[in-house]
Amino acid sequence: MEQMDLQVFATETQTTNLAALSDEMKTYYEKRLIDNAEPNLVHDQFGDKYPIPEGSGKTIEFRRYSPLPKALTAITEGVTPDGDNLQVSAVTATVAQYGNWIRLSDMLELSAIDRNVEQATKLLGAQAGRTLDTITREELNGGTNVLYAPKGADKAEVSSRSDITADCRLDVDLFYKAAAQLEAMNASPIDDSFVAIIHPYSAYDLMRSEEWIDCHKYAAPEYIYNGEIGKLGNIRFVKSTEAKIWGPADIVPGYPRLTVKTAISASATSVTVKEVIPEEACQKFAGPVAVYLGGAANTVTAVSYGAAGATLTLGTAVTSLAAGAMLCGQGGGRDGSAVFSTLVLGANAYGTTELENGGLEHIVKQLGYGDDPLNQRSSVGWKATKAAKRLVEAYMVRIESGNSYSDKAKAN
C-alpha cells in the first residue's frame, strides 16, 4: 500500500505563532489601540505640531518674533532713518516618555472566556489616549488669561476659583467677552472661528440658549471637528469629558467632601462628621491636608475612626460652626463645588511635540518572549513621547464656572 506523507498537511497549517503572521496580528492590534486612543485626544486637535527629528535631542525651542511698532514719524527728505531691530522670544519644551503594559499568562489565554489580548488592547488604548490628552490639557489650563463666571441671577462678580459655586453658570455673554479679548490681541481664528473645549455638564447650560446653533444645522455640516457640538457667534464648541475639572482634594482616600455632625459653640480643635469612614481608610490618612471648613481655610492633621462618624483633628481651632457645615479638601470652590474649565483658543496658541518615530506605539509580545523557557507569559503595552507648550498666552482664554453637577463632580 502506498504510504501518505502526513507532514505535507502539517506544513500547511497556519498558526499565529508563525513568524510570517506575527506582523499581521500586531497590525490588527495596533489599529485597535489607535482607534481607542484617538477619540480622547481632543486637546491636541488645535495645537501646532512640531516633531523633533531623530538624533536631535529631546528639547525643542519655539521662537516668536515680536511685531514692530507703527512707524508714525515722517522721514526727512534725503535722510535715511534709523533702522529697527528684531526682537525674538523663545520657550523650550522637553519631551518625556510615557507608557504602560499588562502581562498575560498562558493559562489565562487558554481558559478565559474573554479575548484578553483584545480587551487589554482596548483598555490600554483608552489609557494612552487619556494620558496623552491630559498632558496637553494640563499645560493649556496653566494659562494666565482667566474669566470667572458671575454668580447667580444678579451676576455678582467672582474674582477667584475658590469663590466659584454651582450658581456661577456659563452664559452667552462670557463667550462674546472671550472672543472680544482674543480679537483685541489679534489672535487669528482656527479655520473660520475660535474653538472652545467644554465639558458636557457645562455645555448643558449653553445649549438651551436661543443663540446656540447645533453642528448638524451648519451650512456645511460635513466640515466639523472631532467632538464638535455647536456654535455661538464666532466660537465653535468641542465637547469632552476630559475637559479640566478642579474638585476638592480627598481628605482621606475617596472622601473629598464631609458634613459636620455636631455644632461648635466654643473653641475646639476637632470636629465630628456624619460620614462613617471605614477604619482602613482612616489609617491611610496622609496629613496634614488643606481644607475648607464652613468656607474658611484650615487643615486636617489627623482622622480617627468612629462607628457613629469620624473625628478630624484641626490645625486651627474654630469657635463657631453650625451642624451640617461643609468640610472639604481645597482645590475647587470653598463650599465644596467642583470648578469646570472651558478653554477658548485661537490659532497658534500652543504647540505639541514628540520624537519622530517615537509617537504612540503598541507593543505585543507573544508567549515565550524574554526569559520564559516554558512559554508562560505574553504581554501587551504602549509607549509614546510627548510634550506640550503654551506659545502665545494672549491667544487663549480660560473660563472657570460651576454648574448643576458641581456639588458632586470630582477632579479629573
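Here's a quick briefing on the fold, the cores, the surface and a few residues of this protein. The model is predicted, and the protein averages a pLDDT of 87, with 89% of the residues scoring at least 70. One stretch to treat separately is residues 6–25, where the pLDDT is below 50 and the model shows 5 contacts beyond near neighbours in sequence.

**Overall layout**

- You're looking at 7 helices and 21 strands.
- The protein has 412 residues, and 40% of them count as buried.
- Take the contacts between residues at least 6 apart in sequence: 75% of them join residues at least 24 apart.
- The accessible surface adds up to about 22,600 Å², and carbon and sulfur atoms account for 51% of that.

**Nonpolar cores**

- As background, nonpolar side chains in soluble globular proteins tend to be buried together.
- The largest nonpolar core here has 44 residues, and the members touching the most others are Phe46, Phe175, Phe237 and Val344.
- Several elements chip in at least two residues each: α5, β6 (194–198), α6 (200–206), β8 (228–232), β9 (235–239), β17 (339–345) and β21 (396–401).
- Helix α5 is the top contributor to this core, with 6 residues.
- Val344 makes a good starting point for a look around: beyond its neighbours within four places in sequence, it is in contact with Phe175, Ala178, Leu182, Phe194, Val195, Ala196, Ile235, Tyr395, Met396, Val397 and Ile399.
- There's also a second, separate core of 24 residues, with Leu258, Ile264, Val273 and Ile277 among them.

**Arg161 and its surroundings**

- Arg161 sits in the loop between β5 (146–148) and α5 (172–184).
- Its relative accessibility is 25%, so Arg161 counts as partly exposed: that value falls between the 20% cut-off for buried and the 50% cut-off for exposed.
- Setting aside residues up to four places away in sequence, Arg161 touches Tyr148, Trp246, Gly331, Gly332, Gly333, Val339, Arg398 and Glu400.
- One of those partners, Gly331, is 170 residues away along the chain, yet the C-alpha atoms of Arg161 and Gly331 are separated by 8.5 Å.

**Glu139 on helix α4**

- Glu139 belongs to helix α4 (residues 116–140).
- Glu139 counts as buried because its relative accessibility is 19%, and buried means under 20%.
- Apart from neighbours within four places in sequence, Glu139 has Ala388, Lys389 and Arg390 as its contacts.

**A nonpolar patch on the surface**

- Tyr65, Leu86 and Val88 make a nonpolar surface patch of about 360 Å².
- Tyr65 is in strand β2 (residues 59–65).
- At 52% relative accessibility, Tyr65 counts as exposed, because the cut-off is over 50%.

**Backbone oddities in loops**

- The peptide bond from Gly287 to Pro288 is cis, with omega near 0°.
- Pro288 itself is found in the loop between α7 (279–283) and β13 (289–293).
- Asn357 isn't a glycine, but it has a positive phi of about 65°.
- You'll find Asn357 in the loop between β18 (350–353) and β19 (361–365), and with a relative accessible area of 69% Asn357 is exposed.
- Asn375 isn't a glycine either, and it has a positive phi of about 50°.
- Asn375 lies in the loop between β19 and β20 (377–390), and at 40% relative accessibility Asn375 counts as partly exposed.

Key
Residues are numbered from 1 along each chain as its sequence is written. This is a predicted model: local features need pLDDT of at least 70, side-chain atom pairs count only at pLDDT 80 or more; totals for chains, interfaces and linings use all residues. Side-chain values use heavy atoms; hydrogens and water are left out. Helices (H or I, at least four residues) and strands (E, at least two) are DSSP runs, numbered from the N terminus. Buried means under 20% relative accessible area, exposed over 50%, partly exposed in between (1.4 Å probe, protein chains only). Contact means heavy atoms within 4.5 Å. Accessible areas come from the Shrake-Rupley method with a 1.4 Å probe; for residues, only the protein chains shown count as cover. Patches are made of residues with over 30% relative accessible area and no salt bridge: like charges are joined within 9 Å, nonpolar side chains (Val, Leu, Ile, Met, Phe, Trp, Tyr) within 5 Å. A salt bridge is a side-chain nitrogen of Lys or Arg within 4 Å of a carboxyl oxygen of Asp or Glu. pLDDT is the predictor's confidence in each residue, from 0 to 100. A nonpolar core is a set of buried Ala, Val, Leu, Ile, Met, Phe, Trp, Tyr and Cys residues joined through side-chain atoms within 4.5 Å.
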